[in-house]
Amino acid sequence: MCGIVGYFGKRPAQDFLLEGLKRLEYRGYDSAGVAVLQNKIANRKNKKDEILIRTVKSVGKVSELEKKLNGKIEGVIGIAHTRWATHGKPSEKNAHPHTDCGGRVAVVHNGIIENYRELKDVLEKRGHRFRSETDTEVIAHLLEVAMEKLPFEEAFVKTLKQLKGAYGIVAISAKDPGVMLAARLSSPLVLGIGSGEMFIASDVSAMMGDVKRVVYLDDGEITVIGNDGYVVKTFSHRKREKEELALERDKTVAEHRGYPHFMLKEIFEQPKSFADALRGRLLPDDGMARLGGLRTVAKRLRSIDRIIIVSCGTSYHSALTGEYMLEEYAGIPTEVEMASEFRYRKPLLDKKTAVIAISQSGETADTLAAIREAKEKGALTIGIVNVVGSTIARATDVGVYCHAGPEISVASTKAFTSQLAILSLLTLYLGRQRGLSLVMGQRIVRELARIPKHMERVLAQAKDIRKLAKKYAKQEHYLYLGRKYNFPSALEGALKIKEIAYVPAQGYPTGEMKHGPIALIDPSVVSVMVMPRDSVYEKNMSGMEEILARGGKVLAIATDGDAAIVRKATDVIFIPKTLEMLSPLLAVLPLQLFAYYVAVERGYDIDKPRNLAKSVTVE
Ligand code: M6R
């Protein structure tokens with residue numbers, strides 16, 4: 001999704017602007033641009049020095065923009081943007097920053113201005129010339145109008161009050177070059193505090209390595225950045241005291257570290273990221289979990305009689321697995337909802353409902369809206385979030401962090417297994433309060449602690465999985481099948497191959513095949529079946545027989561030593577034996593690797609799949 005960076009300091013602004021945009025490349029984009037306040041330039045006409053805004057844009061990668069800039073843009077204050085098209089196709093004229101008629105104001109914007117059509121009509125009638133098809137450009141022209149009578153900051157607030165929708169906006173003006181202004185409403189912005197210099201970005205990872213302290217803006221806040229630092233205010237000019245948070249200085253997380261892609265690196269990180277999610281949280285003797293983030297609501301959690309989990313994409317799939325865990329072992333009625341649907345469904349919630357938001361980024365607009373709706377209706381809101389300090393982490397009443405470390409690849413992998421770690425811990429925590437036996441609790445704890453070693457064994461088969469990917473690389477359609485705990489694994493496997501290898505794939509519960517999809521089966525169709533030795537093993541076996549009997553091929557994910565499957569399936573990948581509820585943690589690894597290697601065989605840009613963004617901060 002679009003990325004924003006801004007710099008106000010003493011060094012050449014373009015250095016950080018380009019570096020920051022590169023660090024945001026993983027979010028997905030189609031074009032990029034910068035605008036820098038140029039130091040005094042002699043105006044030949046009126047013989048006076050004046051300050052200008054110099055804007056450079058390009059379609060494609062940040063490296064294209066860098067080539068175009070060719071190190072030539074001077075100035076110590078600037079803004080930059082990577083755009084992911086919403087209004088208007090990817091093109092140079094639609095790329096941000098956008099300027100007003102006179103080029104005296106420049107803005108970058110993430111989000112959507114819903115009433116831009118009406119605003120544009122009025123502005124055009126007043127004689128404003130629009131150069132792009134974007135919703136963003138109205139902001140620059142509205143500022144131009146307001147600045148006819150008002151100073152920059154007041155004009156900025158007046159402009160914001162005319163906008164409907166969601167935004168993170170950063171603006172500079174040649175008329176008032178001493179400040180940079182930014183505002184947030186439903187689209188993240190974070191300020192970075194350096195020594196004698198200030199940074200701003202839509203994602204904290206843009207500033208990693210440059211700043212030690214950050215301030216997250218909240219909805220309805222603006223910040224005024226100047227030579228003396230920054231101030232945060234409400235739209236009604238009331239000053240807000242903000243907490244400055246320490247930022248870990250770790251540039252290396254954004255490097256491949258010897259892997260060809262972030263996705264592969266992150267797949268291989270899972271034994272560690274899973275162990276990190278468990279660290280300090282397992283109580284082996286009590287068969288219990290310690291979840292410090294829930295301490296303040298421990299009493300209220302005892303009276304909860306229903307759980308709803310809201311999330312999107314991969315996080316939705318981990319939520320579905322969590323539903324099986326929570327109902328079977330904690331005995332709490334649990335429903336899972338796609339956040340994008342939940343927010344429009346007028347859900348019935350009360351104080352005894354806990355609404356859990358699962359999100360890697362903590363910035364997904366639909367999940368955030370769902371959690372806000374739940375809060376308004378009096379439900380207890382809980383976040384299972386990876387990015388510390390993100391909007392969802394702050395918007396929920398309480399939460400448990402995943403501690404997976406930064407996930408850069410657009411295709412989510414390690415976040416999924418870390419989310420499952422937290423859901424297992426939550427199941428233990430709630431289950432042991434509601435009748436889960438000590439013996440079973442201890443068993444779950446023991447098996448959880450073994451998972452990192454099991455994961456290593458699965459990952460050690462990467463070469464064999466690569467061979468299978470080669471064999472099936474030209475396959476044009478897949479079915480991914482599983483039952484019970486591994487139905488969500490099948491959905492996740494199908495999502496992975498769709499998003500990075502662009503192969504149509506359908507995830508389905510094996511038991512539903514006979515109600516329609518089995519009509520698809522013929523020798524050209526490959527069914528990837530997740531069928532470990534669990535309580536539905538026999539049912540899955542029957543499903544496999546039905547597929548094979550119709551000439552279909554089966555690539556099975558099975559438990560170590562399952563000779564029956566070796567005899568029947570076309571190909572088999574083995575995973576170690578574990579508890580049924582934990583088997584998705586192992587089954588998903590070969591599915592991630594298979595999708596990855598198929599995408600490699602097909603020659604795609606794996607970390608930046610087409611049309612996709614890492615965090616979806618618009619509806
Ligand atoms: O950051 P979130 O977990 O809230 O993101 C949810 C989805 O957008 C995300 O999982 C998406 O589906 C990924 N591309 C999946 O690989």
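In this predicted model, helix H7 (residues 270-278) and helix H14 (residues 438-459) pack with their axes coming within 8 Å, and the two axes cross at roughly 170°. Because angles over 145 degrees count as roughly antiparallel, H7 and H14 are therefore described as roughly antiparallel to each other. On the H7 side the contact is made by Gln270, Pro271, Phe274, Ala275 and Leu278, and these meet Leu448, Ala449, Ile451, Pro452, Met455, Glu456 and Leu459 of H14. Sorted by class, the contact of H7 with H14 has 10 nonpolar, one polar and one charged residues.

Further along the chain there is an open sheet of five strands, arranged in the order S24-S23-S25-S26-S27 with parallel pairing. Strand S24 (505-509) and strand S27 (571-575) are the edge strands, each of which pairs on one side only, and the twist from one strand to the next averages 20°. Strand S23 (residues 478-482) is joined to S24 in the parallel sense over five bridges, and within this part of the sheet Leu481 stands opposite Tyr508 in S24.

Helices also pack on this sheet. Helix H16 (residues 487-501) touches S23 and S24, and its direction makes about 175° with that of S24. Helix H17 (residues 537-549) lies across S23, strand S25 (526-530) and strand S26 (553-559), and runs at about 170° to S25.

Some backbone details in the loops also deserve attention. Most residues other than glycine have a negative phi, and most peptide bonds are trans. The peptide bond from His96 to Pro97, by contrast, is cis, with omega near -5°, and Pro97 lies in the loop between strand S4 (77-83) and strand S5 (98-99). Ser186 and Lys346 are listed below with their backbone angles and accessibility.

| Residue | Phi | Relative accessible area |
|---|---|---|
| Ser186 | near 65° | 28% |
| Lys346 | about 50° | 66% |

The phi of Ser186 is positive although this residue is not a glycine, and Ser186 is found in the loop between strand S8 (180-185) and strand S9 (190-193). Lys346, likewise not a glycine, has a positive phi and lies in the loop between helix H10 (339-342) and strand S20 (353-359). How exposed is Lys346? With a relative accessible area of 66%, Lys346 counts as exposed, because the cut-off for that term is over 50%, whereas Ser186, at 28%, is partly exposed.

Definitions and conventions: Residues are numbered from 1 along each chain as its sequence is written. This is a predicted model: local features need pLDDT of at least 70, side-chain atom pairs count only at pLDDT 80 or more; totals for chains, interfaces and linings use all residues. Side-chain values use heavy atoms; hydrogens and water are left out. Two strands pair if DSSP finds at least two bridges between them. Helices (H or I, at least four residues) and strands (E, at least two) are DSSP runs, numbered from the N terminus. Axes are lines fitted to C-alpha atoms, for helices over the stretch in contact, and angles run from 0 to 180 degrees between N-to-C directions. Contact means heavy atoms within 4.5 Å. Buried means under 20% relative accessible area, exposed over 50%, partly exposed in between (1.4 Å probe, protein chains only). Angles under 35 degrees count as roughly parallel, over 145 as roughly antiparallel, 65 to 115 as roughly perpendicular and the rest as oblique. Ala, Val, Leu, Ile, Met, Phe, Trp, Tyr, Cys and Pro count as nonpolar, Asp, Glu, Lys and Arg as charged, and the others, Gly among them, as polar.
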